[in-house]
Amino acid sequence: IIGYDYIPTTMLSSQLPRQQVDHVISFREDLRDLLVDCGFQEAINYSMNSRERLAKIIPTENAVRLANPLSTEQEYLRTSLLPGLLALLAANQKHEDAGIRFFEIGKVFFARGDDLPDEREILAGILRGHRVAPSWFGEKDVLDFFDAKGVVEAVLERLGIEPAFEPVSQESLHPGRVARIMVGQSAVGLVGEVHPSVAESFDLLPQPVAVF
């Protein structure tokens, strides 16, 4: 109302504070850049999901139900990023014949009784389709478990981490095509192919779907 021109010009009383580097944000940005270098596109999905969709991938005993959900499709906080990525893949497969690669960095939530949910920030990726764009030259190889494993190795090695892989069974992933990602003695994730029955429940075309 008075006007900006009437605000007096004064110098700061002290020096500008030094920038404090947030190493978590820097690490997250490095991950994004590495995955884009590997040919991925970033996805951002809602944190809410239906219990039915979550149950296709992971048990829902620890899922947190919202007190005031907007709809049954957004009734529970997600316990995995994969249901959202699989639904996104199903929506995009109708429009893209070449290879599709998505990744997402986001939080998952697990119930802790009467306490606030346990929030964990994780990375997940999904890839499916032709390894290279279809053409008259070359064979039409499709992306599979080994491509996802290669992405995990490339990203971790660029971060100075040497991973190891050991066989494991996971109900929603294809038997014999799934491995636990190990860093030293710690298990940090999984890599594998989605079980055909799970892929069918998301209306995906009959092709391997690799995830990490």
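Reader: Which residues does Leu123 touch, not counting residues up to four places away in sequence?
Author: Keep in mind that this is a predicted model. Leu123 sits in strand 5. Once residues up to four places away in sequence are set aside, the contacts of Leu123 are Leu31, Leu35, Leu81, Phe103, Glu104, Ile105 and Phe212.

Reader: Okay, and is Leu123 buried, partly exposed or exposed?
Author: Buried would need a relative accessibility under 20%, and exposed would need over 50%. Leu123 comes out at 28%, so this residue counts as partly exposed.

Reader: How far is Leu123 from Gly189, going by C-alpha atoms?
Author: Along the chain, these two are 66 residues apart. In space, the separation between the C-alpha atoms of Leu123 and Gly189 is 9.2 Å.

Reader: Which helix or strand gives the largest share of the largest nonpolar core?
Author: That core has 23 residues, and those touching the most other members are Leu85, Leu86, Ile126, Val194, Leu204, Val209 and Val211. Helix 3 (82–92), strand 4 (100–112), strand 5 (115–128), strand 7 (173–183), helix 5 (196–201) and strand 9 (209–211) each put in at least two residues. The top contributor, with five residues, is helix 3.

Reader: Which residues of strand 9 (209–211) does Ile126 touch?
Author: Leaving out residues up to four places away in sequence, Ile126 touches Phe40, Leu85, Leu86, Leu89, Ile100, Arg101 and Phe102, among others. Strand 9 covers 209–211. The contacts of Ile126 there are Val209, Ala210 and Val211.

Reader: How many residues are in the second, separate core?
Author: In soluble globular proteins, nonpolar side chains tend to be buried together. Here a second core stands separate, and its members include Leu31, Leu35, Leu143 and Phe212. Its size is 19 residues.

Reader: Zooming out, what order do the elements of the chain run in?
Author: There are five helices and nine strands to place. Starting at the N terminus, you get α-β-β-α-β-α-β-β-α-β-β-β-α-β.

Reader: What is the radius of gyration of the chain?
Author: For 212 residues, a compact globule would come in near 17 Å. The C-alpha trace here spans about 70 × 45 × 40 Å along its principal axes. As for the radius of gyration, the chain has 22 Å.

Reader: And how far apart are the mean positions of the positive and negative charges?
Author: The chain carries 20 positive and 31 negative charges. Take the mean position of each set, and the gap is 1 Å.

How values were computed:
Residues are numbered from 1 along each chain as its sequence is written. This is a predicted model: local features need pLDDT of at least 70, side-chain atom pairs count only at pLDDT 80 or more; totals for chains, interfaces and linings use all residues. Side-chain values use heavy atoms; hydrogens and water are left out. Helices (H or I, at least four residues) and strands (E, at least two) are DSSP runs, numbered from the N terminus. The radius of gyration is taken over C-alpha atoms; the globule rule is 2.2 Å times the number of residues to the power 0.38. Lys and Arg count as positive and Asp and Glu as negative; His and the chain ends are not counted. The place of a charge is taken as NZ of Lys, CZ of Arg, CG of Asp or CD of Glu. A nonpolar core is a set of buried Ala, Val, Leu, Ile, Met, Phe, Trp, Tyr and Cys residues joined through side-chain atoms within 4.5 Å. Buried means under 20% relative accessible area, exposed over 50%, partly exposed in between (1.4 Å probe, protein chains only). Contact means heavy atoms within 4.5 Å.
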